[in-house]
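This report looks at a few local sites of one protein model and then at the empty spaces within it. Please keep the sequence and the coordinates at hand while reading.

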Amino acid sequence: MLILSIRPKRSMLLSRYLFIWLSATLCVACSPEPSTKESATPLTPSVVKTSDVNVSRKTAKDLLPYQQRPIEDEVFYFVMPDRFNNGDTSNDHGSTTKPISAGGFDKTDKSMYHGGDIQGLEQKLPYLKELGISAIWLTPILRNRTIQEGGAGYHGYWVLDFTEIDPHLGSNQDLISFINAAHKDNIKVFFDIITNHTADVIKPKECYGKDGLQWLKAAGETCQYKSLAQVASGDSYTPVIPQGLENVKVPAWLNDPKYYHNQGETTYQGENSIYGDFAGLDDINTDDPEVVKGMIDIFQSIISEFKPDGFRIDTVKHVNMEFWSEFSPALVNHAASIGIAEFFMFGEVYSGDSKELSSYTTVGNMQSVLDFGLAFTLQHTLIDQQGTDKLGQLFANDSDYLDHNSNANQLLNFTGNHDMGRFAHMLAKSEYNYSEAEIIQRNLLAHAMVYFLRGVPIIYYGDEQGFIGKGGDQDSRQNMMPSLVASYNEDNVLATNKTTADDNFDLSHPFYKLFGQYSHIYYSYPALRNGVQQTLYQQDSAGIFAISRTLADNNKAHIVVFNTATSQQQVMLNGDGDSYNVLYQSGKANIEHGSGIESGGHSMKVKNNKLSITVPALSFAIYQAQ
Ligand SMILES: [Ca+2]
Ligand SMILES: [Ca+2]
Ligand SMILES: [Ca+2]
Ligand SMILES: [Ca+2]
């Protein structure tokens with residue numbers, strides 16, 4: 001759950017300068033080649049044609065067994081089960097025995113449940129396998145309070161019961177069945193967990209009256225935050241639980257208001273971003289040692305019961321750091337003790353600053369975080385057309401993450417999500433008024449960067465079917481199954497004539513096929529997953545960004561060259577071999593609907609250990625030194 005949906009500020013272009021990057025392993029002093037004067041000998045590369053790629057594409061079945069597989073080997077699919085596929089209509093209205101977790105089903109309303117469930121997800125495993133997915137991250141699946149102000153808990157972030165699956169999504173047994181089926185396909189399953197808050201049950205008496213049911217403040221006012229200093233001086237709220245809700249949370253200790261901060265609403269600033277409530281959601285007192293123990297117990301039990309392969313952790317920044325440094329190793333060690341050796345946790349820390357992000361993987365003891373830094377940099381470079389040196393600046397700080405159990409290759413890469421919206425939407429609303437063809441090219445290049453820059457790629461469900469959406473949050477949570485939401489169905493969908501009113505599990509969608517190829521390449525070359533990344537070329541304008549990936553035991557580099565400009569670009573790099581294989585060359589040929597940009601062609605020539613590489617507009621290529 002992301003509370004702030006503020007887009008990072010566009011910084012102005014820096015003054016122009018040529019950046020020369022010197023590197024030890026791959027001797028590099030790159031400068032753009034002024035013209036193509038060719039005394040250089042054309043290479044005869046052994047080309048992996050995209051058509052060959054389709055013949056024997058690597059998928060999860062070709063990887064190490066999931067129990068032994070490190071996180072760097074994964075390609076993630078991030079899915080909101082309610083919006084994916086309805087495998088059992090009998091659960092659409094939720095619980096039949098607990099009214100607080102029943103109802104809320106309205107397929108025409110984007111803030112309500114739409115019927116998708118765990119069974120539906122299991123039925124679509126073949127679709128995900130074919131896409132080249134090896135890990136699935138589900139939005140939270142624990143039992144929610146169905147209705148709260150602002151809609152229904154279809155997204156899962158309003159948990160009441162930490163021991164039971166939300167009945168709209170199926171039963172605990174359905175979840176176990178799904179995980180077993182995924183594991184049979186060598187696909188991992190990750191849960192999205194929340195320790196910061198529960199559903200909104202507790203009400204401050206001073207704002208809601210003694211029964212907790214009346215709003216005593218003016219319309220538009222909030223239940224103002226009381227600081228730690230105020231509370232210490234006796235100026236605090238009195239928590240009230242409305243009648244009938246005294247025992248709705250599970251486990252039972254969560255019903256006692258003493259385990260909550262009860263300090264009123266956060267404004268997401270300073271102290272109150274840790275101690276305040278998000279829109280009334282009961283903020284758990286995570287600095288109480290009993291709570292730390294209680295939360296560790298809850299999630300150790302979940303690991304024991306369902307045997308997931310890891311957790312994505314919500315709202316990390318809004319919980320005190322001391323909590324994480326105890327919580328994270330306790331869960332990883334517990335998982336290891338029951339045979340899940342590669343159990344992996346990554347946090348949602350909404351920040352583009354590597355110093356802040358890495359504080360959670362070092363001091364906080366968490367293995368990894370979602371790389372919001374990369375997500376923002378993709379926006380700067382591919383939407384706002386800033387220089388590719390923005391990417392170089394990001395990666396220059398990668399050593400911040402390095403410690404006994406973390407490194408930058410384990411960061412989770414993404415282009416957009418269920419809070420900030422899809423990259424395609426960010427392109428569509430850009431002041432540059434990009435054409436559909438250009439939106440497609442830029443969107444695909446962003447996804448290619450998520451795959452082929454250091455870090456683990458995540459595909460946000462629907463991106464592989466060309467979804468755009470109208471914004472973040474509800475507007476980015478379209479249905480893969482046929483939708484009845486009018487505001488979704490009026491949207492254009494990229495590279496297809498379909499709309500979201502149709503079934504969008506389309507195996508022939510060009511993005512779906514292309515991402516399957518990216519996965520194949522990612523799985524085929526360990527250097528692209530585990531190699532040390534070095535920047536070979538960057539510039540202070542849109543254009544070339546080139547990196548090498550080198551494995552410790554094999555210093556023959558893989559070179560990935562991106563072109564973020566709208567014209568063909570050429571770059572001269574210092575080489576690392578006499579000859580190179582072409583592993584991939586993207587381009588218009590890969591996607592019919594991407595026409596409209598004068599893209600030019602790829603070329604790569606080697607002479608005297610110099611590599612002359614030409615990359616078409618908004619394209620990329622991967623080469624491997626021999
Ligand atoms: Ca259902
Ligand atoms: Ca908090
Ligand atoms: Ca509350
Ligand atoms: Ca660490």
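Glu-130 has its place in helix α3, which covers residues 125-131. The model is a predicted one, and in it Glu-130 counts as partly exposed, with a relative accessibility of 42%. Leaving aside residues up to four places away in sequence, Glu-130 touches Arg-57, Tyr-512 and Gly-516. Arg-57 stands 73 residues from Glu-130 along the chain, yet the C-alpha atoms of the two are separated by 8.9 Å.

**The disulfide**

Which cysteines form the disulfide of this structure? The structure holds one such link, and it is formed by Cys-207 and Cys-223, whose sulfur atoms lie 1.9 Å apart. The link of Cys-207 and Cys-223 is right-handed, with 90° about the S-S bond. Cys-207 belongs to helix α5 (residues 205-208), whereas Cys-223 sits in the loop between α5 and α6 (228-232), so that the pair, 16 residues apart, links distant parts of the chain. Cys-207 is buried, with a relative accessible area of 0%, and Cys-223, at 5% relative accessibility, counts as buried as well.

**The calcium site**

The calcium ion (ligand 4) is coordinated at 2.1 to 2.7 Å by Thr-361 through O, by Asp-403 through OD, which is listed twice, by Asn-405 through OD1 and by Ser-406 through OG. Along the sequence, the donor residues of this calcium ion follow the spacing T-x41-D-x1-N-S. Because Thr-361 lies in helix α10 (residues 354-361) and Asp-403 in the loop between α12 (389-395) and β13 (412-413), the pair ties together parts that are 42 residues apart in sequence. Thr-361 counts as buried at 1% relative accessibility, while Asp-403, at 24%, counts as partly exposed.

**Pockets and cavities**

Rolling a probe the size of a water molecule over the atoms shows where empty space is left. The table lists three of the spaces found in this model.

| Space | Volume | Nonpolar, polar and charged lining residues |
|---|---|---|
| Largest pocket | about 880 Å³ | 21, nine and ten |
| Second largest pocket | about 320 Å³ | six, seven and two |
| Second largest cavity | about 80 Å³ | 13, no polar and one |

The largest pocket is lined by 40 residues, and those nearest its centre are Gln-148, Glu-149, Trp-158, Phe-278 and Ala-279. The elements that give two or more residues to this lining are β4 (147-148) and β8 (203-204).

For the second largest pocket, with about 320 Å³ of space, the lining consists of 15 residues, of which Asp-398, Ser-399, Ala-408, Val-532 and Gln-533 are the closest to its centre. Strand β15 (residues 532-537) supplies the largest share of the lining of the second largest pocket, namely four residues.

How many cavities of 30 Å³ or more does a search of the whole structure find? The search finds four, and the second largest cavity has a volume of about 80 Å³. The second largest cavity is lined by 14 residues, with Ile-141, Leu-142, Asp-192, Ile-193 and Phe-299 the closest to its centre. At least two lining residues of the second largest cavity come from each of β6 (159-165), β7 (188-193) and α8 (289-306). By class, the lining of the second largest cavity divides into 13 nonpolar residues, no polar ones and one charged.

How values were computed. Residues are numbered from 1 along each chain as its sequence is written. Chains are lettered from A and ligands numbered from 1 in the order in which they are written. This is a predicted model: local features need pLDDT of at least 70, side-chain atom pairs count only at pLDDT 80 or more; totals for chains, interfaces and linings use all residues. Side-chain values use heavy atoms; hydrogens and water are left out. On a 1 Å grid over the protein atoms alone, a cavity is a set of points where a 1.4 Å probe fits but cannot get out, and a pocket is an open set with protein on both sides within 12 Å along at least five of seven lines; lining residues have an atom within 4 Å of a point. Grid points are joined across faces, edges and corners, and a volume is the space filled by probe spheres set on the points. Ala, Val, Leu, Ile, Met, Phe, Trp, Tyr, Cys and Pro count as nonpolar, Asp, Glu, Lys and Arg as charged, and the others, Gly among them, as polar. A disulfide is a pair of cysteine sulfur atoms within 2.5 Å. Buried means under 20% relative accessible area, exposed over 50%, partly exposed in between (1.4 Å probe, protein chains only). Donors are N, O and S atoms within 2.8 Å of the metal (3.2 Å for Na, K and Ca); water is not among the atoms, so sites may look incomplete. Contact means heavy atoms within 4.5 Å.
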